[in-house]
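Here are some exercises to work through with the model open beside you. Try each task before reading its solution.

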Amino acid sequence: MKIGCPTEIKAQEFRVGVTPAAAAEAVAHGHEVLIQSGAGIGAGFEDADYEAHGARIVGTAKEIFDAADMVVKVKEPQAAERKMLREGQILFTYLHLAPDPEQTRDLIDSGATCIAYETVTDDRGGLPLLAPMSEVAGKLAPQMGAWTLQKANGGRGVLMGGVPGVMPARVVVIGGGVVGTQAARIASGMGARVSVLDRSLPRLRQLDDMFRGEFETVYSSKANLEMLVREADMVIGAVLIPGAAAPKLVTREMLADMKPGAALVDVAIDQGGCFETSKATTHQDPVYEVDGIMHYCVANMPGAVARTSTLALGNATLPFMLALADKGWQQACADDENLLNGLNVHAGKLTYYAVGKALGLDVTSPQKIVREG
Ligand SMILES: NC(=O)C1=CN([C@@H]2O[C@H](COP(=O)(O)OP(=O)(O)OC[C@H]3O[C@@H](n4cnc5c(N)ncnc54)[C@H](O)[C@@H]3O)[C@@H](O)[C@H]2O)C=CC1
Ligand SMILES: CC(=O)C(=O)O
Ligand SMILES: [Mg+2]
C-alpha cells in the first residue's frame, strides 16, 4: 500500500502524522511511504531522516493525496485537504466530527473511508489514540491557565502556589479522565489547591486511591459544580462522552458569580467545549474574555510541544496504521472491533452513532459496512 503523510496546515500545528521510525516499520512491511517535503520540520525531523528510513519525499500535498491509498495525518482535514480526498482512499487522523457539520458533510461527499483516532478503543474501555494527546494537553492545561491568570494576560493576578502567608490558587478540574488526571497532578505539583469533579464514582474512587492527599475528588452534581466554579481561580474543562458533542456544564449565567479575571481552560473544545461561552482559539491568539472571565480554548494544545506529541502519537498509531496497511481497512476492522470503533465515515455514509445524534444525520451500522464493504 502507498501511505502518504502531508504537512499539517491547521494554524500553528507543528506535529506530523508519520515519524521516521514509523515510516521505517511501514517500509519493512513492504509498503511505500510518501512524505511531503518539510512535513516533519516542526517536530524536529528533516526530510533526510525520512529518506534514511526508506521513505520518499514529494513536493506538494496534492501529490500525496493523488498517490496515497491511505493518508495519515494529525489534525482533522482542513477544507483544502478535504477537496483532495477521493473515493476508496483511507483517511487516518483525528476528526472530531460531532461539533463540525461542514467537515462531516465534506467527508461523506468525498467517498473516502475515514477512521478517527479519537474513537478507536481498547479492551479496557480506553481511547488509546486519544490518550497520549490527552496526557500532553492535561499536563499543559495548568501551565496555560497559570499564564492566563497573570495580570498582563488579563487574569486575576494569582500565583498557582501562593507564597508563605498567602493562599494558593483554587483550581477546579471538571472530568477526571486522562486530561483531568494529568491536569490535577500538575496543578497540585505547582502548589495549587485542586478539586476534581467526575460523574463516575468508580473513577473518583480510583483517583482517591492513587492520589490521596494530592487533590480532592468531588461528585459532579450541578450543585457541587456551581459551588466549586464560584470559588475557583482556574477551571479546567476535561469531560468527554466519546465521539459526542461535549455537554455545556458551565453556563454564561454562572460566569457572573465567578471571581473577575478567573481563567477557564476548555480542553474539551475539540468536541465543542464544555463551557457555554467557549469558542475555539489558536496558539497565536489563545485567550479572550467574556463577562470578565478569561477563556483559553486552543483545540490543538499538543501542537505547542510538537516533538513530544509527535513521538507520543506515533507510538500509539503505529500498530493500527500497520494493520490498515497490511490488511486493508475492511479486513483490519473485521479483525479488530477496537479499530472498527474508529470508523466514522465510509463511502458516502456516516458510521458513528454519537456523531449522527449530535448532527441529526442518519447512521449506517459499522458492523454492516464491514461485513458488506
Ligand atoms: N484541546 C486539545 O488540544 C485536546 C483536547 N482533548 C480533549 O479533552 C477531552 C477529555 O479527554 P480525555 O481526558 O482523554 O477523556 P476521558 O474519557 O479519559 O475522560 C473524560 C472524563 O469525563 C467524565 N465526564 C463525562 N461527563 C461528565 C460530567 N458531566 N461531569 C464530570 N465529568 C464528566 C468521564 O466520566 C471521564 O472520566 C476530550 O474532548 C478530548 O478530545 C484531548 C487532547 C488534546
Ligand atoms: C486530540 C486533539 O484534538 C489534538 O491532539 O489536537
Ligand atoms: Mg483537537
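**Exercise 1. Find how many residues of domain 1 and of domain 2 are in contact, and what the domain 1 side is made of.**

Solution. Step one: 17 residues of domain 1 touch 13 residues of domain 2, a contact being two C-beta atoms, placed from the backbone, within 7 Å. Step two: α11 and α13 (353–359) are the elements that contribute two or more residues to the domain 1 side; helices (H or I, at least four residues) and strands (E, at least two) are DSSP runs, numbered from the N terminus. Step three: α11 gives the most, with six residues. Step four: sorted by class, that side has 10 nonpolar, six polar and one charged residues. Here Ala, Val, Leu, Ile, Met, Phe, Trp, Tyr, Cys and Pro count as nonpolar, Asp, Glu, Lys and Arg as charged, and the others, Gly among them, as polar.

A word on what you are looking at: this is a predicted model, in which local features need pLDDT of at least 70 and side-chain atom pairs count only at pLDDT 80 or more, while totals for chains, interfaces and linings use all residues. Residues are numbered from 1 along each chain as its sequence is written, and chains are lettered from A and ligands numbered from 1 in the order in which they are written.

**Exercise 2. State the domain bounds and how far apart the C-alpha centres lie.**

Solution. Domain 1 covers 2–119 + 306–372 and domain 2 covers 131–299, with bounds from an automatic or database domain assignment. Their C-alpha centres are 30 Å apart. As for confidence, the protein chain averages a pLDDT of 97, on the predictor's per-residue scale from 0 to 100, and the model scores ipTM 0.97 and pTM 0.96.

**Exercise 3. Locate the largest nonpolar core and explain why it lies between the domains.**

Solution. First, the members: this core holds 122 residues, and Val 171, Val 173, Ile 174, Met 234, Ile 236 and Val 267 touch the most other members. Such a core is a set of buried Ala, Val, Leu, Ile, Met, Phe, Trp, Tyr and Cys residues joined through C-beta atoms within 7 Å; buried means 20 or more other C-beta atoms within 10 Å, exposed 12 or fewer, and partly exposed in between, with C-beta atoms placed from the backbone. Next, helix α11 (residues 306–335) gives the most, with nine residues. Finally, both domains give residues to this core, so it lies between them.

**Exercise 4. Which residues come nearest to ligand 1, and which surround ligand 2?**

Solution. Ligand 1 has 35 residues around it, of which Ser 134, Gly 175, Gly 177, Val 179 and Met 301 come nearest; a residue counts as near if its C-beta atom, placed from the backbone, lies within 6 Å. The elements giving two or more residues to this shell are α6 (131–149), α7 (178–189) and β8 (193–198). By class, the ligand 1 shell has 21 nonpolar, nine polar and five charged residues. Around ligand 2 sit Tyr 94, Glu 118, Leu 130, Met 133, Asp 270, Asn 300 and Pro 302, or four nonpolar, one polar and two charged.

**Exercise 5. Is Glu 87 buried or exposed, and what does it touch?**

Solution. Glu 87 lies in the loop between α4 (79–82) and β5 (90–93). Glu 87 is exposed because 10 other C-beta atoms lie within 10 Å. Beyond its neighbours within four places in sequence, Glu 87 contacts Gly 111, Ala 112 and Ala 347. Ala 347 has a positive phi of about 45 degrees although it is not a glycine.
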